[in-house]
Amino acid sequence: MVGDVNIYMNDLDDPQMAEIEIMIAEPKSRGKGLGKEAVLMMMAFAVKNLSIQSFRVKIGESNSASLNLFRNLGFEVTLHSEIFKEVTLELPVKSCKCI
């Protein structure tokens with residue numbers, strides 16, 4: 001196992017919003033597109049089977065690899081937390097050309 005991808009439907013005000021996260025823990029497996037492939041598979045599953053209409057990610061502001069991955073998928077910054085040093089990005093499914 002090189003890492004994991006998770007999805008959480010934890011926004012009680014918006015049951016069609018899912019938070020997604022990815023971790024490639026094995027350093028030699030990074031930069032090979034595995035994270036992108038896993039995220040796209042999870043997003044496709046969520047749209048088809050869970051009726052998800054938008055996605056959210058929360059990423060540490062210093063994690064440039066993850067920020068670039070999600071920006072390249074079309075996610076846009078919606079919030080920057082100075083306190084937590086974290087960036088929130090979102091993507092409505094209707095704007096996604098990746099699924």
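Which residues does the UniProt annotation "domain: N-acetyltransferase" cover? In the unreviewed entry, this annotation covers residues 1-94. The model shown in the following views is a predicted one.

**Figure 1. The annotated region, residues 1-94, of the predicted model.** The extent of this region is taken from the UniProt record, where the entry is unreviewed and the feature reads "domain: N-acetyltransferase". Over residues 1-94, helix accounts for 28% of the chain and strand for 36%. The C-alpha atoms at the two ends of this stretch are 32 Å apart.

**Figure 2. The fold of the protein chain, with two helices and five strands.** Followed along the sequence, these elements occur in the pattern β-β-α-β-α-β-β. The C-alpha trace spans about 35 × 30 × 20 Å along its principal axes. The radius of gyration is 13 Å, which agrees with the value near 13 Å that a compact globule of 99 residues would have. Of the contacts between residues at least 6 apart in sequence, 52% join residues at least 24 apart.

**Figure 3. The surface and the charged side chains of the protein chain.** The chain exposes about 6500 Å², and 52% of this area is supplied by carbon and sulfur atoms. Buried residues make up 34% of the 99 residues. The side chains include 11 positive and 13 negative ones. The centres of these two sets lie 8 Å apart.

**Figure 4. Ile52 in the loop between α1 (34-50) and β3 (54-60).** Is Ile52 buried or exposed? Ile52 counts as buried because its relative accessible area is 0%, and buried means under 20%. Leaving aside residues up to four places away in sequence, Ile52 touches Met9, Pro15, Gln16, Met17, Ala18, Ala46, Val47 and Val93. Thr88 lies 36 residues from Ile52 along the chain, and the C-alpha atoms of Ile52 and Thr88 are separated by 18 Å.

**Figure 5. Ser51, another residue of the loop between α1 and β3.** The phi angle of Ser51 is near 55 degrees, a positive value in a residue other than glycine. Most residues other than glycine have a negative phi. Ser51 counts as partly exposed, with a relative accessibility of 41%. In the same loop, Ile52 is buried at a relative accessible area of 0%.

**Figure 6. Val47 in helix α1.** This residue is among the contacts of Ile52. Because its relative accessibility is 23%, Val47 counts as partly exposed. How many residues apart along the chain are Val47 and Glu26? Val47 and Glu26 are 21 residues apart along the chain, and their C-alpha atoms are separated by 28 Å.

**Figure 7. Ser29 in the loop between β2 (17-24) and α1.** The relative accessibility of Ser29 is 11%, so this residue counts as buried. Which residues does Ser29 touch, not counting residues up to four places away in sequence? The residues touched by Ser29 on this basis are Val2, Ile24 and Leu34.

**Figure 8. Asn63 in the loop between β3 and α2 (64-72).** Asn63 is partly exposed, with a relative accessible area of 33%. Val87 is 24 residues from Asn63 in sequence. In space, Asn63 and Val87 are 9.7 Å apart, C-alpha to C-alpha.

**Figure 9. Lys85 in the loop between β4 (76-81) and β5 (86-92).** Lys85 is not a glycine, yet Lys85 has a positive phi of about 55 degrees. At a relative accessibility of 43%, Lys85 counts as partly exposed.

How values were computed: Residues are numbered from 1 along each chain as its sequence is written. This is a predicted model: local features need pLDDT of at least 70, side-chain atom pairs count only at pLDDT 80 or more; totals for chains, interfaces and linings use all residues. Side-chain values use heavy atoms; hydrogens and water are left out. Helices (H or I, at least four residues) and strands (E, at least two) are DSSP runs, numbered from the N terminus. The radius of gyration is taken over C-alpha atoms; the globule rule is 2.2 Å times the number of residues to the power 0.38. Buried means under 20% relative accessible area, exposed over 50%, partly exposed in between (1.4 Å probe, protein chains only). Contact means heavy atoms within 4.5 Å. Accessible areas come from the Shrake-Rupley method with a 1.4 Å probe; for residues, only the protein chains shown count as cover. Lys and Arg count as positive and Asp and Glu as negative; His and the chain ends are not counted. The place of a charge is taken as NZ of Lys, CZ of Arg, CG of Asp or CD of Glu. UniProt positions are given in the numbering used here, feature names are shortened, and annotations may be inferred rather than shown by experiment.
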